[in-house]
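Colleague: I am preparing a structure for a first-year class and would like a close look at a single part of the protein. Could you take the spaces in the structure, and set them beside the residues that pack in its interior?

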Amino acid sequence: MEIPVIDFSKLNGDKRGDTMALLHNACEKWGFFMVENHEIDTRLMEKVKQLINTYYEENLKESFYQSEIAKRLEKQQNTSDIDWESAFFIWHRPNSNINQIPNLSQELCQTMDEYIAQLLKLAEKLSELMSENLGLEKGYIKKAFSGSKLKGPAVGTKVAKYPQCPRPELVRGLREHTDAGGIILLLQDDKVPGLEFFKDGKWVEIPPSKNNAIFVNTGDQVEVLSNGLYKSVVHRVMPDNSGSRISIATFYNPIGDAIISPAPKLLYPSNFVYEDYLKLYGSTKFGEKGPRFESMKNMINGHKNVQA
């Protein structure tokens with residue numbers, strides 16, 4: 001399958017309509033896509049990956065291969081409840097914990113902060129474009145994710161390495177799941193594969209990212225907010241016996257106290273009296289059904305007199 005590719009350089013100009021349609025189709029039919037020409041500094045992206053790889057080699061690799069996970073695989077014990085990954089989580093917003101993670105160098109902390117500042121602009125742009133494609137106000141998703149005190153969406157990054165695996169047929173790198181949050185932006189390995197999404201009854205292999213394209217997928221809260229129009233998709237990571245894979249996944253999520261529900265504009269009318277609908281239908285039969293549905297939604301408990 002040819003994974004949708006959204007070229008952000010085409011959003012300004014006569015190709016904008018086509019690009020927006022492609023994005024809408026990707027969110028509606030796929031739940032994942034690649035973003036090219038995103039204007040994030042590619043040298044910065046390379047530096048993030050290089051520093052994370054060094055951190056893993058110096059601080060995590062040895063302990064991983066001595067862990068209970070590795071021992072269970074070596075003994076060929078049950079591995080259905082474990083993931084072949086070495087990972088940690090960095091919170092960025094509303095509060096950062098990056099300085100509390102053991103042995104992170106000042107250079108890595110600073111580079112990650114610079115990268116996230118640029119990536120956040122892309123996340124907010126995507127949220128605006130998705131809102132627009134759903135027929136909502138441009139800032140709808142951001143506001144919905146910001147909670148009652150409007151602190152802004154929560155932003156965090158799962159930094160993972162999927163180590164070289166001696167028996168990849170016995171374990172998952174990461175078991176099948178959908179993402180709980182909102183918009184996920186992935187900076188991934190440019191050599192080692194492993195990420196797979198389930199579409200149309202089969203697993204689609206996501207190739208390593210070339211030219212530092214950002215891979216994006218939508219989470220459960222976007223599905224809820226869009227009333228099921230944009231669906232979160234089951235995915236997994238398969239381990240590899242020829243190399244280790246890096247994954248830097250940043251989550252643009254609702255803040256903890258955010259109240260999530262389908263956008264009212266996207267809901268069909270409900271709890272109306274059919275007789276009232278027929279009255280409206282009689283005078284609007286040959287018009288678009290959308291305004292008719294909207295009129296029904298605007299009725300108070302479905303019993304207000306409808307104006308033709």
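Modeller: The account below begins with the whole chain, turns to the pockets and the cavity, and ends with the interior.

The model is a predicted one. The protein chain has 308 residues, and buried residues make up 48% of them. Its secondary structure comes to 8 helices and 11 strands. The C-alpha trace spans about 75 × 40 × 40 Å along its principal axes. Among contacts between residues at least 6 apart in sequence, 79% join residues at least 24 apart.

The open spaces come next. The largest pocket holds about 310 Å³ of space. Its lining draws on several stretches of the sequence: Phe8, Ser9, Leu11 and Asn12, then Asn37, His38, Glu39 and Ile40, and finally Gln118, Lys121, Leu122 and Lys125. By class, this lining divides into 4 nonpolar, 5 polar and 3 charged residues. The second largest pocket contains about 250 Å³ of space. It is lined by 13 residues, of which Lys265, Leu266, Leu267, Tyr268 and Lys297 are the closest to its centre. Here the lining consists of 6 nonpolar, 3 polar and 4 charged residues.

There is also an enclosed space to consider. A search of the whole structure finds 1 cavity of 30 Å³ or more. The volume of the largest cavity is about 40 Å³. Around the largest cavity stand Ile52, Tyr55, Tyr56, Leu60, Ser86, Phe88, Val159, Ala160 and Lys161. Three elements, α2 (42-65), β3 (86-93) and β4 (154-162), each supply at least two residues of this lining. The largest share, 4 residues, comes from α2. In the lining of the largest cavity, 7 residues are nonpolar, 1 is polar and 1 is charged.

One residue of the largest pocket's lining, His38, leads to a polar residue in the interior. His38 is in contact with Asn212, which lies in the loop between β8 (202-205) and β9 (214-218). Is Asn212 buried or exposed? Asn212 counts as buried because its relative accessibility is 7%, and the cut-off for a buried residue is under 20%. The side chain of Asn212 makes a polar contact of 3.0 Å with the side chain of Glu46. Leaving aside neighbours within four places in sequence, the other residues in contact with Asn212 include Thr42, Met45, Lys49 and Leu187.

The nonpolar interior completes the picture. In soluble globular proteins, nonpolar side chains tend to be buried together. The largest nonpolar core of this model has 54 residues, and those with the most contacts inside it are Phe33, Met112, Tyr115, Leu185 and Ile214. Helix α4 (residues 106-133) contributes the largest share of this core, 12 residues. Leu185 shows how distant parts of the sequence are brought into contact: not counting residues up to four places away in sequence, Leu185 touches Leu119, Leu122, Ala123, Leu126, Ile214, Phe215, Val216, Ile248, Ala249, Thr250 and Tyr252. One of these, Leu122, also belongs to the lining of the largest pocket. A second, separate core has 19 residues, among them Tyr162, Ile184, Phe197 and Val237.

Conventions
Residues numbered from 1 in each chain as written. Predicted model: local features only at pLDDT ≥ 70, side-chain atom pairs only at ≥ 80, totals over all residues. Heavy atoms only, no water. 1 Å grid on protein atoms, 1.4 Å probe; cavity = no way out; pocket = protein on both sides within 12 Å on 5 of 7 lines; lining within 4 Å. Points joined across faces, edges and corners; volume = space filled by probe spheres on them. Nonpolar A, V, L, I, M, F, W, Y, C, P; charged D, E, K, R; others polar. Buried < 20%, exposed > 50% of the residue type's maximum accessible area, 1.4 Å probe, protein only. Polar contact = N/O pair within 3.5 Å; in protein donor to acceptor, adjacent residues only side chain to side chain. Contact = heavy atoms within 4.5 Å. Core = buried A, V, L, I, M, F, W, Y, C linked by side-chain atoms within 4.5 Å.
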